[in-house]
Amino acid sequence: MKRSYKIENLDCAHCAGKMETAINKIPGVKHATVSFMLARLTIDAEDENFEQIMSEVEKAVTGVNLTCKVKR
């Protein structure tokens, strides 16, 4: 399943890169990109576990920057 989400309070390109790296390491994620310019996450992940994967994605995003949040 491929989806796109806004990331609130993303104010650093370096943080976006760290988030992208962390998200791509999550089991079940096929491919993810984080665009600093658009403040957007695009993710392609397994359909069966998508909600569980997105919970891990949210943890990864706040783990890089506590003020950032995935808007779902």
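## Glutamate 56 and lysine 59 in helix 2

Glutamate 56 has a relative accessibility of 36% and therefore counts as partly exposed. This value, like those that follow, comes from a predicted model. Lysine 59, at 54% relative accessibility, counts as exposed, because the cut-off for that class is over 50%.

These two residues form a salt bridge, in which the closest N and O atoms lie 3.4 Å apart. Both belong to helix 2 (residues 50-64), and because they are three residues apart there, about one helical turn separates them.

## Arginine 72 and its network

A salt bridge also joins arginine 72 to glutamate 58, with 2.9 Å between the closest N and O atoms. Glutamate 58 is in helix 2, whereas arginine 72 is in the segment after strand 4, so the bridge ties together parts that are 14 residues apart in sequence. Salt bridges with shared partners join Glu51, Glu58 and Arg72 into one network.

Both residues of this pair fall in the partly exposed class: arginine 72 has a relative accessible area of 47%, and glutamate 58 has a relative accessibility of 26%.

## A bridge between strands 1 and 4

The structure holds four salt bridges. One of them connects glutamate 8 with lysine 71, the closest N and O atoms being 3.8 Å apart. This pair links distant parts of the chain, since glutamate 8 is in strand 1 (residues 2-8) and lysine 71 is in strand 4 (residues 69-71), 63 residues apart.

Glutamate 8 is partly exposed, with 28% relative accessible area. Lysine 71 is likewise partly exposed, with a relative accessible area of 49%; that value is not over 50%, so the residue is not classed as exposed.

## The sheet

Strands 1 and 4, which hold the two partners of the bridge just described, belong to an open sheet of four strands. The strand order is 2-3-1-4, and the pairing is antiparallel. Strand 2 and strand 4 stand at the edges; each has a single partner strand, so one side of each has no neighbour in the sheet. On average, neighbouring strands are turned by 30° against each other, direction ignored.

Strand 2, an edge strand, pairs with strand 3 in the antiparallel sense over six bridges. Within this part of the sheet, alanine 32 has isoleucine 43 of strand 3 as its bridge partner.

## Helices packed on the sheet

Helix 1 (residues 13-24) packs on the sheet and touches strand 1, strand 2 and strand 3. The direction of helix 1 makes about 170° with that of strand 2.

Helix 2 also packs on the sheet, with contacts to strand 1, strand 2, strand 3 and strand 4. The direction of helix 2 makes about 145° with that of strand 3. Helix 2 thus touches strand 4, and the salt bridge from glutamate 58 in this helix reaches the segment after strand 4.

## A nonpolar surface patch

Phe36, Met37 and Leu38 form a nonpolar patch on the surface, and together they have about 360 Å² of accessible area. Phenylalanine 36 lies in the loop between strand 2 (29-35) and strand 3 (40-45), the two strands that pair over six bridges. With a relative accessible area of 30%, phenylalanine 36 is partly exposed.

Methods: Residues are numbered from 1 along each chain as its sequence is written. This is a predicted model: local features need pLDDT of at least 70, side-chain atom pairs count only at pLDDT 80 or more; totals for chains, interfaces and linings use all residues. Side-chain values use heavy atoms; hydrogens and water are left out. Patches are made of residues with over 30% relative accessible area and no salt bridge: like charges are joined within 9 Å, nonpolar side chains (Val, Leu, Ile, Met, Phe, Trp, Tyr) within 5 Å. Accessible areas come from the Shrake-Rupley method with a 1.4 Å probe; for residues, only the protein chains shown count as cover. A salt bridge is a side-chain nitrogen of Lys or Arg within 4 Å of a carboxyl oxygen of Asp or Glu. Buried means under 20% relative accessible area, exposed over 50%, partly exposed in between (1.4 Å probe, protein chains only). Two strands pair if DSSP finds at least two bridges between them. Axes are lines fitted to C-alpha atoms, for helices over the stretch in contact, and angles run from 0 to 180 degrees between N-to-C directions. Contact means heavy atoms within 4.5 Å.
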